[in-house]
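Trainee: I would be grateful for a close look at a single part of this structure, followed by an account of its surroundings. Please take me through it step by step.

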Amino acid sequence: MPHPDRQFIDRGGPLKGVRVIELTKVWAGPYAGKMLAHLGAEVIKIESMSNLDEMRAYGGVDINSAPYFLSINQEILSVQVNMKTAEGLDLVKKMIAEADILIDNIRPGAMERSGLDYESLKALKPDLIQCSIKMWGNDGPLGYQTGYAPCFAALSGLTALVGHESETPKGMNIRYGDSTAGACAALACVAALHHRESTGEGQFIDLSAVETMTSLVGDSLFAWSVTGEVPESDGNFHPEMCPHGAYPVQDDGWTSIAVANDGEWQALCAVLKAPALASDARFATPDDRLANRLALDAELAALTRSHDAATLAEKLRIAGVPAFKSMSSIDLCTDGFLWSREAYRMVTDHHAGTRPIIGPSWRMSPDQAEVERGAPLLGEHNAYVYHELLGLQDEEMDDLIARKVID
Amino acid sequence: MNTPGALAGLTIIEIAERVSGEYTAKLLADLGAEVIKVERPGGAPTRGMGPFRNGESALFAYLNTNKKSVVLDLDKAEDRAVLDRLLLRAHALIDDHAEDWCTRRRLSQCTVAEAFPGLVHTVVTPFGQGAPADMQICRPINVINAGGWAYHSPSETPPDKPPLKGAGRFLSDYEAGIDAALCTLASLLRLRRTGEGQFVDVSEVEVQLNRIDCVLDRMLAGDADPSNERTAYDMGGPGTSFACADGHVFLFMTTRHHWKALCELMGSPAWTSEFREDWLEFDCTPPNVARFRENFEGWIALQEKLPITEAAQKAGVAMVPVNTAADLPRHEQFIHREFFQTASHPAFGEVAYPGACYRMSATPVLVRSPAPALGADQEETVHAAS
């Protein structure tokens with residue numbers, strides 16, 4: 001029986017049989033790999049001691065137990081290759097020749113300098129799908145620039161739309177952006193697999209993280225083109241619903257409420273036991289409520305403040321008014337519904353035995369891909385990749401290790 | 001315009017009536033699938049949502065590019081039978097209704113799987129299948145509050161200010177649409193290879209949890225403390241938006257190199273000498289951040305966003321303009337990459353459609369046809385199915 005780390009592991013799932021090589025770091029690139037792995041693809045991450053994914057260093061712990069890295073890279077295989085050697089680069093090319101998809105999010109120009117540009121790789125693997133994730137995409141006057149997620153959100157037009165009314169638009173939380181770019185990269189790769197399936201042709205996918213954020217405000221930008229009105233940050237304002245917002249409750253909490261019609265408005269007033277509000281002429285129709293929304297928000301805030309967030313929201317929903325507690329991180333981590341639906345689940349971990357992870361947002365039936373193994377140790381799958389994929393013998397591999405080509 | 005789409009040859013039926021499902025199918029239609037949108041008599045709900053011009057919804061026009069439209073009343077047996085005939089020749093069905101709605105129309109997971117074993121059936125809902133019915137009535141603002149992004153946006157929001165809904169009206173729908181489209185395509189690949197369909201259940205709330213994996217999972221695993229703090233997702237540090245002379249800029253700084261470069265950019269005013277040169281790495285306390293911002297605000301308020309951010313980039317400072325909708329179509333990089341595609345719409349004339357964030361060399365994403373008129377493809381589609 002072959003050694004377990006030399007075996008192909010059949011986890012099922014819709015992307016079973018698809019092999020992905022990733023040259024990725026930090027968040028956007030690894031997240032793309034994770035999405036594909038969670039759908040059943042075999043995803044091989046190329047790393048080396050001299051060129052680690054920074055996430056293995058965050059937290060100042062050892063490179064095999066860095067929390068940031070463990071939280072993203074489940075079901076990823078790790079192979080060590082020192083790409084600063086010519087031999088290492090050759091090995092990488094051999095791996096790519098055995099793969100369906102190559103994903104990178106390294107600095108602009110770095111792939112080209114290593115001879116890993118699409119035209120060169122196409123000579124090795126004519127139907128390769130290559131996806132390159134860059135802040136501004138792979139070309140253009142600003143294509144050389146690199147940046148951080150909050151910068152591309154700002155550049156994209158998204159940040160300008162998020163802020164409390166009449167204040168500087170602060171944008172989404174500073175963490176927003178990287179993972180979404182990774183998800184879009186995964187989507188484009190699978191679309192390209194379809195084209196390859198129908199025609200035999202591979203292709204190059206040039207993904208811009210800035211444009212990812214722009215695509216998430218597409219309807220606002222399109223509306224500007226149609227109407228000429230420049231959209232601005234607008235708090236929780238909704239042009240067709242009122243009340244529409246988050247209202248204060250006990251313990252500095254908040255409950256979101258969205259009312260679209262008179263029936264919901266009357267139900268809201270009934271749950272809040274506010275007959276005076278229900279018959280207040282300022283709030284009689286949807287147009288009245290929108291015209292007087294600041295007064296309405298103040299009246300509502302005074303009424304919601306004494307309630308418990310989750311209890312009030314549930315009462316409202318049962319009365320037909322869309323409402324939900326604004327969930328903090330501790331609310332999310334301890335939510336019984338999310339745990340019972342397996343939004344969170346356990347994977348094996350080399351250190352503590354098991355580790356909870358955020359599971360995929362999807363369930364599939366039948367044939368859901370198994371997600372059971374935590375993030376890999378550095379080089380954990382060297383034997384599988386070098387022996388099974390590239391057909392190297394033990395002595396050859398030992399020699400590569402001794403000469404730090406495998407490092 | 002003659003380049004093929006990546007999904008040429010795939011037929012997808014959309015019965016979605018919320019933005020999450022409509023966007024899922026838009027992503028697939030823009031990638032070249034034939035998407036047949038089934039609308040209720042009177043039209044899809046988004047046809048009634050603004051903004052409007054010449055009586056047409058811009059929202060609907062955006063969400064339904066490259067789709068076909070048929071009108072069916074799924075409460076009527078005859079029309080419901082037409083849907084079955086459409087499904088017989090389709091590869092996937094996209095829905096976003098709650099379970100009770102689906103069950104009443106014989107469109108539940110089991111019914112569809114039994115009748116169409118070779119169909120991918122994707123349903124995207126606020127909380128996923130099995131959630132209590134009352135939770136599934138949630139609207140986007142409720143969903144983004146349920147998923148945690150509202151509570152933590154913007155960064156550094158004080159406790160007395162409300163959580164925000166995100167950019168525009170539908171951010172959580174778009175995020176969920178990406179995952180739903182990805183899963184549908186993965187499952188369609190399996191269909192090509194095995195001939196078997198699959199049921200795909202996507203939770204809009206769980207998409208938001210997954211997008212914050214390396215922050216929230218560290219809390220789940222005990223590496224960091226979950227809390228009721230509004231700042232629990234934040235990174236600390238001085239990075240934020242600032243008002244400048246003609247708009248806003250966003251500054252991000254984490255290293256001594258960033259600090260040194262910024263000092264030089266500002267001409268090293270006296271107040272900068274009050275900070276250690278490595279303060280961002282080793283002395284980045286809230287009082288220091290506050291002191292920095294107070295001083296920086298005075299300087300940046302006098303600068304214009306384009307020249308100063310261009311100078312900043314050259315100097316190694318990660319400071320960028322906060323671009324508005326009006327800035328983007330005239331932005332050199334967006335122009336170069338042809339992100340916006342000008343195309344004609346019957347009611348709007350020439351308009352600029354935001355494109356896809358992925359440029360695909362063999363199968364570019366294009367607006368091939370504007371959003372359809374209600375029932376525009378009724379005859380051709382229903383006839384072909386019967």
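**From the domains to one helix and back**

Mentor: In this predicted model, the C-alpha centres of domain 1 of chain A and domain 2 of chain A lie 43 Å apart. Domain 1 of chain A comprises residues 4-216 + 342-402, and domain 2 of chain A comprises residues 244-333, according to the domain assignment.

The part chosen for the close look is helix 13 of chain A, formed by residues 293-304. What length should be expected of this helix? At 1.5 Å a residue, its twelve residues should span 16 Å, and the end C-alpha atoms are indeed 16 Å apart, so expectation and model agree.

Which residues of helix 13 of chain A are buried? They are A:Arg293, A:Leu296, A:Leu300 and A:Thr304. Because these residues cover an arc of only 60° around the axis, they lie on the same side of helix 13 of chain A. The face turned away from that buried side carries the exposed residues A:Leu294 and A:Ala298. One may then ask what covers the buried residues of helix 13 of chain A. The cover includes two strands of chain A, strand 7 (244-248) and strand 8 (254-258), together with helix 12 (286-291) and helix 14 (309-318) of chain A.

We may now turn to the contact between the chains. Here, 118 residues of chain A are in contact with 124 residues of chain B. Helix 7 of chain A, residues 178-199, supplies the largest share of the side of chain A that touches chain B, namely 15 residues. By residue type, that side of chain A divides into 65 nonpolar, 38 polar and 15 charged residues.

Strands also pair across the two chains. Strand 6 (residues 203-208) of chain A and strand 14 (residues 358-360) of chain B are paired in the antiparallel sense, over three bridges. Within strand 14 of chain B, B:Arg359 is the residue that A:Asp206 stands opposite.

A loop residue, A:Asp367, offers another point of contact. A:Asp367 is found between strand 12 (362-365) and helix 17 (382-389) of chain A. Is A:Asp367 buried or exposed? It falls between the two: A:Asp367 has 15 C-beta neighbours inside 10 Å and therefore counts as partly exposed. Leaving aside residues up to four places away in sequence, A:Asp367 touches A:Gly12, A:Gly13 and B:Gln198. A:Asp367 and A:Ser279 are 88 residues apart in sequence, and their C-alpha atoms are 55 Å apart in space.

The account closes with chain B. Its secondary structure comes to 15 helices and 14 strands, and the C-alpha trace of chain B spans about 80 × 50 × 40 Å along its principal axes. Of the 386 residues of chain B, 53% count as buried. Among contacts in chain B with a separation of 6 or more, 70% join residues 24 or more positions apart.

Chain B is divided into domain 1 (11-211 + 338-385) and domain 2 (240-328), and 41 Å separate the centres of these two domains of chain B, taken over C-alpha atoms. Strand 5 of chain B, residues 67-71, has four of its five residues buried, so this strand is largely enclosed by the rest of the structure. Strand 2 (residues 34-39) of chain B runs parallel to strand 5 of chain B, and five bridges join them. In this pairing, B:Val38 stands opposite B:Val70 of strand 5 of chain B.

Note on methods:
Residues are numbered from 1 along each chain as its sequence is written. Chains are lettered from A and ligands numbered from 1 in the order in which they are written. This is a predicted model: local features need pLDDT of at least 70, side-chain atom pairs count only at pLDDT 80 or more; totals for chains, interfaces and linings use all residues. The expected span of a helix is 1.5 Å times one less than its number of residues. A residue is buried if 20 or more other C-beta atoms lie within 10 Å of its own, exposed if 12 or fewer, and partly exposed in between; C-beta atoms are placed from the backbone. The arc is that of the directions from the helix axis to the C-beta atoms. Two residues are in contact if their C-beta atoms, placed from the backbone, lie within 7 Å. Ala, Val, Leu, Ile, Met, Phe, Trp, Tyr, Cys and Pro count as nonpolar, Asp, Glu, Lys and Arg as charged, and the others, Gly among them, as polar. Two strands pair if DSSP finds at least two bridges between them. Domain bounds come from an automatic or database domain assignment.
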